[in-house]
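Here are a few exercises to work through with the model open in your viewer. Try each task before you read the solution.

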Amino acid sequence: MGFTDKKAGRAQAANAPAKPDRRGGESAGRMQLVYGDVSLGVKGEGFHYIFSYQTGGLESLSIHGKEWLYRTPKPTFWRALTDNDRGCGFQFKSGMWLAADMYLACTGIEVAVDGQAIPLPKAPENNRFCAGETAGELTLAFRYEAITVPKTEVAVTYQVIPSGRIEVTAEYKGQEGLPELPVFGMRFVMPTKAIGYTYEGLSGETYPDRKAGAEAGIYQVEGLPVTPYLCPQDCGVHMDTKWLEIYRDTVLDNTSAGKERFSLRIASVGKGFAFSCLPYTAEELENAAHQEELPPARRTVLCVLGAVRGVGGIDSWGTDIEEPYRIDAQKDICFSFSICGGEGAGKEA
């Protein structure tokens with residue numbers, strides 16, 4: 001996992017005809033790099049991103065002056081138990097994934113500039129760089145170790161280009177002896193509540209075994225609706241999504257509502273993805289026995305998913321889901337998506 005020879009080779013070939021001096025100042029079609037002691041910043045027209053070696057990932061995602069991250073995105077493995085999960089005792093077989101979802105150690109970081117791997121540029125290595133560093137492409141790969149028994153690894157690679165587009169690839173390494181996964185994907189927690197989102201995919205709430213009646217199209221959702229089950233549980237998943245655009249109108253906290261609406265766009269790379277966009281993490285839903293026990297909605301929690309467990313319901317709630325809709329944790333999982341500023345930036349809310 002991390003950088004492959006094939007990917008590095010493509011990047012090197014693309015930059016072979018003209019190899020600008022990275023110390024020559026920012027030029028057309030290139031991004032400015034800022035080598036900090038514990039972070040790596042990348043700036044271009046309308047964007048400024050910061051990757052942290054301490055938190056192990058993307059720490060700041062600022063587009064047109066608007067911050068999109070409350071915490072560093074990390075791989076996610078858990079979903080709040082559904083009625084059928086509880087009925088079939090799924091938590092007793094796969095509960096270790098809840099701990100893995102909450103506690104994930106970053107064990108390695110790799111950096112490549114213009115397709116060429118460089119030593120990790122943290123202090124004192126970063127002292128060899130000057131203020132005018134630029135790049136036509138920046139790639140960072142973060143390796144994580146899940147606290148499962150046996151342990152397994154996940155790699156998340158970010159590739160940034162001068163337009164500000166980030167391509168994210170998440171790779172889960174299957175491990176023999178691990179129990180079935182609830183989900184696998186990336187979780188993004190945003191600073192404030194979204195006012196809604198638009199996506200191209202299947203209508204309504206869908207799961208791998210509950211999507212035959214859905215219709216493909218473009219759909220708009222107001223707010224961040226949580227299905228009002230008596231006992232809060234996983235909800236709001238949308239399968240086979242081509243793209244998603246999330247809208248916010250508050251910047252730092254939920255009391256600073258303004259007139260400007262801004263947005264973030266997530267798009268599929270290759271096959272479609274699944275997602276949920278809620279005001280709560282899986283753990284917050286899990287901890288509430290009733291709807292009134294949920295905390296006040298303050299954030300936006302976006303989970304971009306490459307694999308989702310079905311919901312079952314074969315004999316009401318009790319029988320496990322059918323085999324094709326389970327996630328085998330002994331097999332590798334890999335998916336990609338892109339991040340960029342949305343078309344809704346600057347519109348009136």
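**Exercise 1. Find the volume of the largest pocket, then say which residues and elements line it.**

Solution. Start with the volume: the largest pocket of this predicted model holds about 410 Å³ of space. Next, go to the lining, which has 20 residues; those closest to the pocket centre are Tyr70, Arg71, Val189, Thr281 and Glu284. Now map the lining onto elements: α4 (96–102), β13 (183–190) and α5 each give two or more residues. Finish with the chemistry, where the split is 10 nonpolar, two polar and eight charged.

**Exercise 2. Work out how Arg71 is placed relative to the ring of Tyr70, then look for a charge over the ring of Tyr247.**

Solution. Take Arg71 to begin with: it lies over the face of Tyr70, 4.2 Å from the ring centre. Both Tyr70 and Arg71 have already turned up among the pocket residues closest to the centre. For Tyr247, the charge over the ring is the charged end of Arg261, at 4.3 Å from the ring's centre.

**Exercise 3. Describe the largest cavity: its volume, its lining and the elements behind that lining.**

Solution. A count comes before the details: the structure has one cavity of 30 Å³ or more. The space in the largest cavity is about 140 Å³. Its lining has 16 residues, and the ones closest to the centre are Trp78, Asp234, Ser276, Ala282 and Cys303. Three elements appear when you ask who gives two or more residues: β19, α5 (282–287) and β20 (300–308). Of these, β20 provides the largest share, three residues. By type, the lining has 11 nonpolar, three polar and two charged residues.

**Exercise 4. Classify the ring pair Phe142 and Tyr158, and say which strands it ties together.**

Solution. For context, the whole structure contains 18 aromatic pairs. In this one, the ring centres are 6.0 Å apart and the planes meet at 80 degrees, so Phe142 and Tyr158 are edge-to-face. The cut-off for that label is over 60 degrees. Then locate the partners: Phe142 is in strand β10 (residues 138–146) and Tyr158 in strand β11 (residues 152–160), so the contact ties together parts 16 residues apart in sequence. Last, check accessibility. Phe142 has 0% relative accessibility and counts as buried, and Tyr158, also at 0%, counts as buried too.

**Exercise 5. Now do the pair Tyr197 and Phe275: what is its geometry, and how many residues apart in sequence are the parts it ties together?**

Solution. The centre-to-centre distance is 5.7 Å and the angle between planes is 85 degrees, making Tyr197 and Phe275 edge-to-face. Tyr197 belongs to strand β14 (residues 196–202) and Phe275 to strand β19 (residues 273–278), so parts 78 residues apart in sequence are tied together. Tyr197 and Phe275 are both buried. While you're on rings, pick out the cluster linked by ring pairs: Phe77, Trp97, Tyr172, Phe184, Phe188, Phe335 and Phe337.

**Exercise 6. Write down the strand order of the six-stranded open sheet and find its edges.**

Solution. Reading across, the order is β5-β4-β3-β2-β1-β9, with antiparallel pairing. The edges are β5 (66–67) and β9 (134–135); each has a single partner strand, so one side of each lacks a neighbour in the sheet. Zoom in on β9: two bridges join it to strand β1 (residues 31–35), running antiparallel. For Met31, the bridge partner in β9 is Ala135.

Technical notes: Residues numbered from 1 in each chain as written. Predicted model: local features only at pLDDT ≥ 70, side-chain atom pairs only at ≥ 80, totals over all residues. Heavy atoms only, no water. Phe/Tyr/Trp six-rings, centres within 6.5 Å; stacked < 30°, edge-to-face > 60°. Helix = DSSP H or I, 4+ residues; strand = E, 2+ residues; numbered from the N terminus. Buried < 20%, exposed > 50% of the residue type's maximum accessible area, 1.4 Å probe, protein only. Lys NZ or Arg CZ within 6 Å of the ring centre and 35° of its normal. Pairing = 2+ DSSP bridges. 1 Å grid on protein atoms, 1.4 Å probe; cavity = no way out; pocket = protein on both sides within 12 Å on 5 of 7 lines; lining within 4 Å. Points joined across faces, edges and corners; volume = space filled by probe spheres on them. Nonpolar A, V, L, I, M, F, W, Y, C, P; charged D, E, K, R; others polar.
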